[in-house]
Amino acid sequence: MNPQLHAWLQAQQDRLDQLIYQAANRYYRTQRDYYEFRNLDYDIEVTTQESFQLSAGRDLCYDRPTIGYTYSLWYHARRVNTFLMYFLRELSNADPAAPLDVFDLGAGTGAVQWAVGLVYAGMKACGLPTPRLHIINVDSSAFMLDYNRNFLWQQFLTAYPACQDINCSFEVNSWNTPVEGHGGAAWVVSSYLFDHAENQDFLADGFQALVRLYKPERVLMLTSNQTAKTRQLHLVAEAVRKVGYQMAPYKADVPLFRGALPLVTTLRRALREQRHLNVPAKEVTWDDHSFAALALARTQSAMAFSADSPAAIREWNLYLAPIVVRRDIQLNDQQRKAAEHANRPAIISGPAGCGKSVVITERIRNLVEERQYDPTLQILLCSFNKALIATLTNWLSELLDNSKCVPTLDGFRFKGSALRNISCLWFDVLPTRLGGLKGHLELSNWHTSTMTRIVEQVRLKHQLPTDKHADILHPDFLLEEFHRVYYGLSYDTDNQYATQPRPGRGKSPKLDAGKTRRQLVAECFALYVPELVKTDSFTSRRLAFLRQLRRGNHPLKYDYLFVDEFQDCTPADFEIFQHLLHNPEHLVLAGDLAQSVQIGRSSAAKIPRLEGMVQRRIPYRLQGSYRLPFRISEAIRGISEHINTLYEGDSSAGVISPYKGSPPGARPILVYAEDSAQLADKLAEVIRTYACFNLREVAILEKDTLLKTTLENRLPPGIPVDTDTILKLKGLEKTCVVWSTSAGIEHRGELFEFIYTILTRTSCLLIIALQPHTLPIYLPVLRQLHTERLICWDEESRQQFRKIQAMDISEQLEVEELEAE
């Protein structure tokens, strides 16, 4: 070891203390004065308290805005100190003529970058040759990397300008996602990745796969010195040894720096004494004996072992960025099996974000390729979501061989065919496009206004006061009843509806067959159906299309039919599918009963066997949510479990499975305000603060026009705000979803399914907006959220959520249970 370099490094101790102190002060002033972050002190206090979870052996979420600042004032110097002696030895022996890529997996605030940078600056100061460095910082926390890049590293460069020669990049990613280096020799450093909640086999196999890809000359792994974590550390090290590595010396017990960081300690105490924050007054030191570390070096015999391809390594890549180009998605084994073509009926189910729609398009491609783009082949792909069909069509255009097929209106035509071979159709246009039933789409409020007028007629006829039978003589209930029962169960006559069962509709409101209340509803329908026919309504076209199919007046039939979001199908819809297929065994369904918000639990759970279907359906149950951020999955798992009990454990309403490698995101953020203006102010602050998550749009669910108008005036033009019903967004995703708890929902009988579907529409950020007029029906759902996996935005929001937790919700639960019967 070069004694001059060693002495130079030792002399930097006070300067590093000063740099951490200066970076923290600059961050605090920037947030307070430039961004006017009103929540700054509260967030610092909460992140400090949450950091104690590390010492208790629990996860730290790293998703609050000030986490980088808070972490740096306690841990950053310690982490730098644990790495310094290792990099001093290794960099001194590195080939100065060769480029060197240092992959820091779990980079956090950049302790590895500081340690490497300090040794590099020292070598320059001592006139020693240095390698060409590229440091790749990888972390799933955008806030940690942001603090690393914009504050700590910038401050470091002011003191050590020679380090500007180091090429640094920053990747917000899961540790097991391959990233690109510069093609030089590689070192891999993993810093505190192996928390106790990880799956041991996945860790070992996944890390081994990364090593096989990068073929690093050096591997350094650190974790907390806790029994479970050190056990996992050794398990991973053993997996790495099996692919050509041996243990290397690492003297972590002889740190370069000792003692206190006086300036950083002063700053922490100022937060406590001047800002009155609950921050420990304990002295900050360089000493850290709370970690375990292992170093490995590649053996000569390993130089020639074959590396896995990037495609193979993606078997361990559980993070899928928001989809832009469909062909870039790599299926895992479970998805690949479900995507295989088979001439048997199949059901592909799984929780939100597990890849059902991806599997559907892949399965269609496999079928088409197996049939070699047969010009006689006829395939129908349909869904109840118009926007989802457009997305699926775009994905297919990326998957199919454009030398063998051409896009057409609503699908694709193969070379040599005069007809469209793949039809991609929104379910609601089947009567028009396939049945030739022309007409117009009625205005969205036409049904409500028509049914309101009919209710008035029926009340007048029977001289009923407005409060009599108000629960059933209401347009919202009647329209839902008409869709789910009259049409959904194919009750073609008023008498059928008045006398037959209503499966899936529960006992609230009470509508016994043959009784007065049922007869009143039947009268309303008797007046409603002629109005549908008279105006040539879409709903009447759907009824006419079904009758047309029953008469056999539809010569075109399909060889294969694929349905996405099958949980929205009524028995009548399945009958339509029956008539559209040559062979009923060529029906493939994809969906999730936990997101069944349109047709009722009992109906959704009973998928009818089509007439002529002999073979049993093949069930494919996909696990995990690759799209939904891990912390959101954790937070809403209780809701998912509750829904599963409502379906009596049906696997098609399975419990959501959080995956560590899912897209970077944050815990759901609870925001409370007294009115819409104040709420919009807070939401705008949240969205600005989380700008480093690259939010592209904000979707407010359910429909809350007032909040939309108020919020969009506070956001920059580059972030559009929209509000709609979840029924139009099902199957799609948005980077930021705001659940407005003041807005009502269409189907109260499926309250949990409805809210679960809203909460799973995000690929990044989920905000739950609370106000004094938050609807009481939502309280049971809010109570099911995992408290430790929530962010209360400010003290007011935290206090309000505590009130919700303390409320007596037995009445709401009774209503939910009654409606579920």
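Here are a few notes on how this predicted model packs inside.

1. Housekeeping: the model is predicted, so local features need pLDDT of at least 70 and side-chain atom pairs count only at pLDDT 80 or more, while totals for chains, interfaces and linings use all residues. Residues are numbered from 1 along each chain as its sequence is written, and side-chain values use heavy atoms, with hydrogens and water left out.

2. The largest nonpolar core (buried Ala, Val, Leu, Ile, Met, Phe, Trp, Tyr and Cys joined through side-chain atoms within 4.5 Å) has 102 residues, and Tyr69, Phe87, Tyr690, Val698 and Leu711 touch the most other members. Helix α4 (residues 67-92) gives the largest share, 15 residues. Buried here is under 20% relative accessible area (1.4 Å probe, protein chains only).

3. Val698 has contacts (heavy atoms within 4.5 Å) that include Ile687, Leu711, Leu715 and Val738, leaving aside residues up to four places away in sequence. Leu711 is also one of the buried residues of helix α24 (residues 705-712), alongside Leu707, Lys708 and Thr710. Those buried residues pack against α23 (676-689), β17 (698-701), β18 (721-723) and β19 (734-740).

4. Elsewhere, α16 (residues 475-487) and α18 (residues 516-534) pack at about 80°, axes 11 Å apart; the pair is therefore roughly perpendicular (65 to 115 degrees, between N-to-C directions of lines fitted to C-alpha atoms over the stretch in contact, on a scale from 0 to 180 degrees). Among the residues making the contact are Phe482 of α16 and Tyr528 of α18.

Technical notes. Buried means under 20% relative accessible area, exposed over 50%, partly exposed in between (1.4 Å probe, protein chains only). Helices (H or I, at least four residues) and strands (E, at least two) are DSSP runs, numbered from the N terminus. Angles under 35 degrees count as roughly parallel, over 145 as roughly antiparallel, 65 to 115 as roughly perpendicular and the rest as oblique.
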